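Here is a short briefing on one protein chain. Look over the sequence and the structure first; the notes follow by topic.

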Amino acid sequence: MAITVNGDPHPFRPGLTVQRLLEEKKFSFPLKTVLVNGVLVPRVEHATRELADGDRVEVIHMISGG
């Protein structure tokens, strides 16, 4: 049982949320966008959005510059 995070396999377990996944992967940068199976997951849903076996997760680090 696994999910894919930015193209790499990651172990899946029931109850794994987007927020917990971000913590496990140490994605601590403040500006990030998360898509699960190509669908945007709003930041307010990170703590409650549970992942499913086989999900494809993309975490995009947003940067600004001048």
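Asn6 sits in the loop that links strand 1 (2-5) and strand 2 (8-11). The model is predicted. Two asparagines, a nonpolar patch and the overall fold are covered below.

**Asn6 and its loop**
- Phi of Asn6 is near 50 degrees. That is a positive value in a residue other than glycine.
- Asn6 counts as partly exposed, because its relative accessibility is 31%. The partly exposed class runs between the buried limit, under 20%, and the exposed limit, over 50%.

**Asn37 and its loop**
- Asn37 lies in the loop between strand 3 (32-36) and strand 4 (39-40).
- Phi of Asn37 is near 55 degrees. Here too the value is positive and the residue is not glycine.
- Asn37 has a relative accessible area of 32%, so it is partly exposed.

**Nonpolar surface patch**
- Leu31, Ile60 and Met62 make a nonpolar surface patch. The patch covers about 270 Å².
- Ile60 belongs to strand 5, which spans residues 56-61.
- Ile60 has 39% relative accessibility and therefore counts as partly exposed. Patch residues need over 30% relative accessible area, so Ile60 at 39% passes that cut-off.

**Fold and dimensions**
- The protein has one helix and five strands.
- Along the sequence, the elements follow the pattern β-β-α-β-β-β.
- The radius of gyration is 12 Å, and the globule rule gives 11 Å for 66 residues. The two values are close, so the protein is as compact as a globular protein of that length.
- The C-alpha trace spans about 45 × 25 × 20 Å along its principal axes.

**Burial, surface and contacts**
- What share of the 66 residues counts as buried? The share is 30%.
- About 4,300 Å² of the protein is exposed. Carbon and sulfur atoms supply 57% of that area.
- Consider the contacts in the protein with a separation of 6 or more. Residues 24 or more positions apart account for 51% of them.

**Recap**
- Asn6 and Asn37 each have a positive phi, near 50 degrees for Asn6 and near 55 degrees for Asn37.
- Asn6 lies in the loop between strand 1 and strand 2, and Asn37 in the loop between strand 3 and strand 4.
- Ile60, in strand 5, contributes to the nonpolar patch with Leu31 and Met62.

Definitions and conventions: Residues numbered from 1 in each chain as written. Predicted model: local features only at pLDDT ≥ 70, side-chain atom pairs only at ≥ 80, totals over all residues. Heavy atoms only, no water. Patch = residues over 30% accessible without salt bridge, like charges linked within 9 Å, V, L, I, M, F, W, Y side chains within 5 Å. Areas by Shrake-Rupley, 256 points an atom, 1.4 Å probe, with all protein chains shown as cover. Salt bridge = Lys/Arg side-chain N within 4 Å of Asp/Glu carboxyl O. Helix = DSSP H or I, 4+ residues; strand = E, 2+ residues; numbered from the N terminus. Buried < 20%, exposed > 50% of the residue type's maximum accessible area, 1.4 Å probe, protein only. Rg over C-alpha atoms; globule rule 2.2 N^0.38 Å. Contact = heavy atoms within 4.5 Å.
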